[in-house]
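Ready for some practice in reading a protein model? Take a look at the sequence and the structure, then try the exercises.

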Amino acid sequence: MVREDGKRNFVLREEDGSESSVFSGSMPRQAALKAARRLEPQGSEDEAKEHATEIHLREKGTDKVHIFHAWAWVDDAPGDKPDWMEGDITKGNVSKQGIEHLDE
């Protein structure tokens with residue numbers, strides 16, 4: 001369901017079917033990237049990719065569940081970072097695996 005600002009809401013589904021956090025984005029990948037940054041970060045991107053986690057995001061107002069492999073790692077902040085930003089940041093990446101439809 002599209003909001004007035006053109007963004008859609010996606011709910012993170014757990015393995016048992018319960019739903020927790022809500023992430024917004026104009027595309028499912030944008031919401032998945034936000035969800036990926038909440039994962040336990042690894043030391044490097046290569047190491048993190050080996051420990052990829054499968055996440056399921058249900059689009060609110062529909063029966064579509066978007067499935068992604070997601071991983072997160074710690075990296076140095078960019079050189080032109082603002083003063084309030086810490087020296088290390090968490091980065092995330094995702095790879096879409098497909099879409100399922102709920103039978104509920």
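Two exercises with worked solutions follow.

This is a predicted model, in which local features need pLDDT of at least 70, side-chain atom pairs count only at pLDDT 80 or more, and totals for chains, interfaces and linings use all residues. Residues are numbered from 1 along each chain as its sequence is written, and side-chain values use heavy atoms, with hydrogens and water left out.

**Exercise 1.** Work out the strand order of the sheet and find which strands stand at its edges.

*Step 1.* Helices (H or I, at least four residues) and strands (E, at least two) are DSSP runs, numbered from the N terminus. Two strands pair if DSSP finds at least two bridges between them.

*Step 2.* The 5 strands form an open sheet with antiparallel pairing, in the order S2-S1-S3-S4-S5.

*Step 3.* S2 (19-25) and S5 (88-101) each have a single partner strand, so one side of each is left without a neighbour in the sheet.

*Step 4.* For a closer look, take S4 (residues 64-76), which runs antiparallel to S5 and is joined to it by 13 bridges. Trp71 has Asn93 in S5 as its bridge partner.

**Exercise 2.** Find which elements give two or more residues to the largest nonpolar core, and which gives the most.

*Step 1.* Such a core is a set of buried (under 20% relative accessible area, 1.4 Å probe, protein chains only) Ala, Val, Leu, Ile, Met, Phe, Trp, Tyr and Cys residues joined through side-chain atoms within 4.5 Å.

*Step 2.* The largest one has 12 residues, including Phe10, Phe23, Ile55 and Val94.

*Step 3.* S1, H1, S3 and S4 give two or more residues each, and H1 gives the most, with 4 residues.

Conventions: Buried means under 20% relative accessible area, exposed over 50%, partly exposed in between (1.4 Å probe, protein chains only).
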